[in-house]
Structure formats: C-alpha cells, structure tokens
Amino acid sequence: QRPGEKKHGIKHLMQRYLLWKTVSSAVIGAAVGFCLGIMKVDLAFVFGILTFFLNFIPNVGAAIAELLPVPLVLLAPDRTVSDAFLVFLIPFIIHNVLGCILENKLMQHGLDLHPLIVVIALTFWSSVWGVAGAILSVPLTSVIRLWLEELENPYAQTAFMLINGPQSKPPKEVEPVQVPDGFHTA
C-alpha cells in the first residue's frame with residue numbers, strides 16, 4: 001500500500017466514524033430528550049442536546065448525560081425520589097439499548113477496538129488533552145492501530161497485538177529448535 005492510499009484510508013476511517021457517531025448520537029439525544037419531555041422534566045430539550053454532545057465522549061459522556069437531569073428533578077418541590085430514579089433509569093436504558101445495538105451495527109467495520117482498549121484509550125487521551133482527548137480517544141487509537149498494523153517491525157506488531165485485543169491473530173509461530181541426539185533438555 002502506498003503512503004497516499006494509507007492517508008486516504010485513515011481519512012475515510014475518520015470520516016466514517018464521525019458520520020456514524022453523529023447519526024447515533026442524534027438518535028440517542030432525540031430519544032432521551034423525547035422521553036424526558038414525556039416525563040415533564042424541565043429543560044428536556046436542553047438535556048437531549050447535551051446528550052447528543054456528551055455521547056461523543058466514550059463511556060463517561062453517557063454517564064454524565066444520564067446524571068445531569070437528576071438534581072433538577074430532586075430539587076423540584078412537586079417531584080419524588082422515584083421520579084428522579086425514573087429520570088435516571090430511562091436515559092440509562094436508552095443509552096444501553098441504542099448505544100450497544102445501534103452504534104455497534106453502524107461502526108462494526110473498521111474501528112474494531114476491544115472495549116477495554118477503549119477505556120484505556122479514554123483514560124490516556126483525556127489525561128493528555130482533557131475533554132478534547134476524551135472525544136478524540138477512539139479515532140486516535142484507531143489511527144494508531146492502523147499505522148501499527150502496516151509496520152513490519154516486531155515491536156510495532158507487538159503493540160498492534162496489544163491494541164487489537166483478543167480478536168487479533170497470534171504472531172507467527174517460531175519453528176522449534178532441533179536438539180541433536182544425545183543432548184537432554186531440562
């Protein structure tokens with residue numbers, strides 16, 4: 001593969017990731033905003049928009065979006081603790097069902113990052129660049145994975161195997177050394 005083709009592949013990967021992440025975030029944000037509106041939560045539209053933007057931060061963004069409306073409901077004089085629990089539970093279910101089904105279907109080709117690698121990447125990139133690193137953690141790690149896959153260095157291949165996770169193929173087996181007759185190994 002020539003360098004220009006690799007750049008095109010990385011650009012295509014990033015564009016596809018951002019497109020499908022935007023589509024899935026819009027669907028999840030609209031569903032959360034709609035359900036919060038049905039539950040008569042003040043600022044339901046705003047929470048839907050915040051859910052859209054926070055969904056770009058892997059794992060942590062969804063948790064923040066689920067927790068944001070809870071204090072508003074708890075502080076309302078006409079609401080109960082069970083109302084606040086439902087305001088948390090419904091977006092939690094939406095995030096888990098749509099996030100696990102819709103996002104996996106939309107992004108199953110190309111990114112192929114193990115969930116543990118996503119958490120490690122999120123931790124690393126957010127500690128390096130803050131919120132911007134958290135948002136870019138998955139695409140950056142995917143680009144590094146693609147780059148390492150192309151290199152023919154044994155250390156790069158080892159790093160690729162670590163990033164690629166359990167679905168990666170084991171390295172090529174080394175031929176066993178033939179021991180001459182008369183020598184015994186322990």
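**Notes on an all-helix model**

1. Let's start with one residue. Ile-64 has a relative accessibility of 37%, so it counts as partly exposed, since that class sits between the 20% limit for buried and the 50% limit for exposed. Ile-64 belongs to helix 3. Its C-alpha atom is 8.5 Å from that of Thr-51, and the two residues are 13 apart along the chain. Keep in mind as you read that this is a predicted model.

2. Stay with helix 3 for a moment, which covers residues 60-67. Which of its residues are buried? They are Gly-61, Ala-62, Ala-65 and Glu-66. Look down the axis of helix 3 and you'll see these buried residues fall within an arc of 135°, so they line one face of the helix.

3. Now zoom out to the whole chain. It has eight helices and zero strands, so to read the elements from the N terminus on, you just go α-α-α-α-α-α-α-α. There are 186 residues in the chain, and 32% of them are buried. The accessible surface comes to about 12200 Å², with 70% of that belonging to carbon and sulfur atoms. As for contacts between residues at least 6 apart in sequence, 62% of them join residues at least 24 apart.

4. What makes up the largest nonpolar core? Eleven residues do: Ile-28, Val-32, Leu-36, Val-41, Ala-44, Phe-47, Val-70, Val-73, Ala-84, Val-87 and Ile-94. The elements giving two or more residues to this core are helix 1 (3-38), helix 2 (44-54), helix 4 (69-75) and helix 5 (81-106). Try clicking on Ile-94: leaving aside residues up to four places away in sequence, Ile-94 touches Ile-28, Ala-31, Val-32, Cys-35 and Gly-99. Another core, of nine residues, lies apart from the largest one, and Leu-113, Ile-117, Val-138 and Ile-163 are among its members.

5. Here's a lysine to look at. Lys-21 lies in helix 1. Is Lys-21 buried or exposed? With a relative accessibility of 7%, Lys-21 counts as buried, because the limit for that class is under 20%. What does its side chain meet? A polar atom of the Lys-21 side chain lies 3.1 Å from the backbone oxygen of Asn-55.

6. Ser-137 is another buried residue, and its relative accessible area is 0%. You'll find Ser-137 in helix 7. Its side chain reaches the backbone oxygen of Ala-134 at 3.0 Å. Not counting residues up to four places away in sequence, Ser-137 touches Pro-58, Ala-121, Leu-122 and Trp-125.

7. On to the aromatic rings. The structure holds five aromatic pairs. A pair of rings like this is described by the distance of the centres and the angle of the planes. For Phe-52 and Phe-53, the centres are 4.9 Å apart and the planes are at 75°, so this pair is edge-to-face. Phe-52 and Phe-53 also join Phe-56 in one aromatic cluster.

8. Trp-125 and Trp-129 give you another pair to compare. Their ring centres are 5.3 Å apart and their planes are at 35°, so the pair is tilted. Both tryptophans lie in helix 6 (residues 115-129), four residues apart, which is about one turn of the helix. Trp-125 is buried, at 13% relative accessible area, whereas Trp-129 is partly exposed, at 47%.

9. Finally, have a look at helix 8, residues 154-164. Its buried residues are Ala-156, Phe-160, Ile-163 and Asn-164. They cover an arc of only 95° around the axis, so they sit on the same side of helix 8. What do these buried residues pack against? They pack against helix 6 and helix 7 (131-150). Turn to the other side of helix 8 and you'll find Pro-154, Tyr-155 and Leu-162 exposed. There's also a polar contact at the start of helix 8, where a side-chain oxygen of Asn-153 comes within 2.6 Å of the backbone nitrogen of Tyr-155.

Note on methods: Residues are numbered from 1 along each chain as its sequence is written. This is a predicted model: local features need pLDDT of at least 70, side-chain atom pairs count only at pLDDT 80 or more; totals for chains, interfaces and linings use all residues. Side-chain values use heavy atoms; hydrogens and water are left out. Rings of Phe, Tyr and Trp (its six-membered ring) pair if their centres lie within 6.5 Å; planes under 30 degrees apart count as stacked, over 60 as edge-to-face and the rest as tilted. Buried means under 20% relative accessible area, exposed over 50%, partly exposed in between (1.4 Å probe, protein chains only). The arc is that of the directions from the helix axis to the C-beta atoms. Contact means heavy atoms within 4.5 Å. A polar contact is a pair of N or O atoms within 3.5 Å; within protein, one must be able to donate a hydrogen and the other to accept it, and residues adjacent in sequence count only if both atoms are side-chain atoms. Accessible areas come from the Shrake-Rupley method with a 1.4 Å probe; for residues, only the protein chains shown count as cover. A nonpolar core is a set of buried Ala, Val, Leu, Ile, Met, Phe, Trp, Tyr and Cys residues joined through side-chain atoms within 4.5 Å.
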